[in-house]
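Q: Could you walk me through the ligand site in this one, up close? I'd like one connected picture rather than a list.

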Amino acid sequence: MTTKPSIQIRNLSVRYGVFTAVDNVSIDFREGEFFALLGPSGCGKSTLLRTIAGFEAPFSGKMLLDDVDLIDVPARKRPINMMFQSYALFPHMSVEENVRYGLEVSGVAKREITSRVDDILSATHLTNFAKRRPNQLSGGQRQRVALARALVMRPRVLLLDEPLGALDKKLRGTMQLELKRLQHEMGITFIVVTHDQEEALVMADRIALMRAGKIEQIGTAAELYEWPANKFVADFIGTTNFLPASANGGQLEVPFLGKIGSRNDVNGSITYSLRPERIHVSMERSPLHENGFVGVVEEVAYHGQDINLHVRLARDLDLVVAKVPASSNLTDKISINTSVWLGWNDADARVLSA
Ligand code: ATP
């Protein structure tokens, strides 16, 4: 990935009648990056993608590529290709014919077509399936044909709308890595729409998290996870504990817990956010942590690698979830009704606008 700009979207808004589906969005995509548009159902991800493809006309805004505004360029003339969730393969054509089709329509020379098709079938591990029809393939194989058909055109930008949506969980995991490998090998900018935060975290170089047509935050997976811009981002990416608090400079007051230190110099109502894996669980108070509270375990949830403890720190406070590795020797000592200490440092928590 470079920092060279690919498509630059400036103040883009898309309306359906009076409803604004994409609201004043600006994103600078970079050449060769894997970018994910993430957000809950109905937040406008697909509309934004379809607008980039040229299937929707924006109400206002610009979309620059090499200083040309693509908004005036018809969809078929944009150096952009789109892979649909339904794959839209031609059922009467073989895999190879499906992949060749776009090149033939574009008038590419026969010899070049053969070599490009061979290369892409090999890169997508489809060489052995070249003569099959789509209905003789598995879901994962069909997905790869759709991908091969899009990539063989060598677009500057490939748009993918929920590309793994039709696959089962295990296959999705494999295909996430496969997509990333292909994107990396070909150096094409990928813009992927997904509502699955785990998928975005695994695949994308950068993520834009959307809500109700607007961008809440753009950043790497680690930036969104570690430094969420607000409560919505912290809640959407991973799991976290939220404690309402009031802030007075570097001092926080959490109802039912009392005073907690803070690295942030803020005032007023805030949300104190603490990731489960940042909490240290022990049977005695840990001297290594600035904050320590004793509570009672109300639930033990086994997740294979980890065990999630749901701990009651105060009667009227929501349960706090802390993670203990399954391999820890603590697991033998802890069950429902055990008293445990939860410890963390001020730097482990985030202070978010309420
Ligand atoms: P999902 O993950 O469910 O596909 P999304 O984030 O991709 O959601 P969009 O499909 O972009 O969301 O839709 C954004 C909003 O625009 C939704 O409220 C939707 O109902 C509305 N919308 C989408 N297409 C149209 C249309 N053709 N006419 C009117 N409203 C539309």
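To start with, how far does a polar side-chain atom of lysine 45 lie from an oxygen atom of the ligand?

A: Bear in mind that this is a predicted model. In it, the distance from a polar side-chain atom of lysine 45 to an oxygen atom of the ligand is 2.8 Å. The backbone joins in too: a backbone N or O atom of glycine 42 sits 2.7 Å from a ligand oxygen, and for cysteine 43 a polar backbone atom is 3.0 Å from an oxygen atom of the ligand. As for cover, the ligand taken alone exposes 640 Å², and the protein buries 59% of that.

Now widen the view to the whole shell. Around the ligand you'll find Pro40, Ser41, Gly42, Cys43, Gly44, Lys45, Ser46, Thr47 and Arg50, along with Tyr16, Phe19 and Ala21. By class, that shell splits into five nonpolar, five polar and two charged residues. Helix 1, running 45–53, and strand 2, running 19–30, each put in at least two residues. Helix 1 is the top contributor, with four.

The strand side of the site is worth a closer look. Strand 1 covers residues 5–16 and pairs with strand 2 in the antiparallel sense, over seven bridges. Two shell residues meet right there: tyrosine 16 has phenylalanine 19, in strand 2, as its bridge partner, and both Tyr16 and Phe19 belong to the ligand's surroundings. The hairpin these two strands make has two residues between the strands, and glycine 17 takes a positive phi near 60° in it.

For context, let's turn to the pockets, worked out on the protein atoms alone. The largest pocket holds about 700 Å³ of space. Its lining counts 26 residues, with Ile80, Asn81, Met82, Gly102 and Met153 nearest its centre. Strand 6 (80–83), helix 2 (95–105) and helix 4 (139–151) each supply at least two of the lining residues. By class, that lining has 19 nonpolar, three polar and four charged residues.

The second largest pocket comes in at about 160 Å³. Lining it are Lys169, Arg172, Gly173, Gln176, Asp196, Glu198, Glu199 and Val202. Helix 5 (169–186) and helix 6 (197–203) are the elements that give two or more residues to this lining, and helix 5 has the largest share, with four. Here the class count is one nonpolar, two polar and five charged.

Note on methods: Residues numbered from 1 in each chain as written. Predicted model: local features only at pLDDT ≥ 70, side-chain atom pairs only at ≥ 80, totals over all residues. Heavy atoms only, no water. Near = heavy atom within 4 Å. Polar contact = N/O pair within 3.5 Å; in protein donor to acceptor, adjacent residues only side chain to side chain. Areas by Shrake-Rupley, 256 points an atom, 1.4 Å probe, with all protein chains shown as cover. Nonpolar A, V, L, I, M, F, W, Y, C, P; charged D, E, K, R; others polar. Pairing = 2+ DSSP bridges. 1 Å grid on protein atoms, 1.4 Å probe; cavity = no way out; pocket = protein on both sides within 12 Å on 5 of 7 lines; lining within 4 Å. Points joined across faces, edges and corners; volume = space filled by probe spheres on them.
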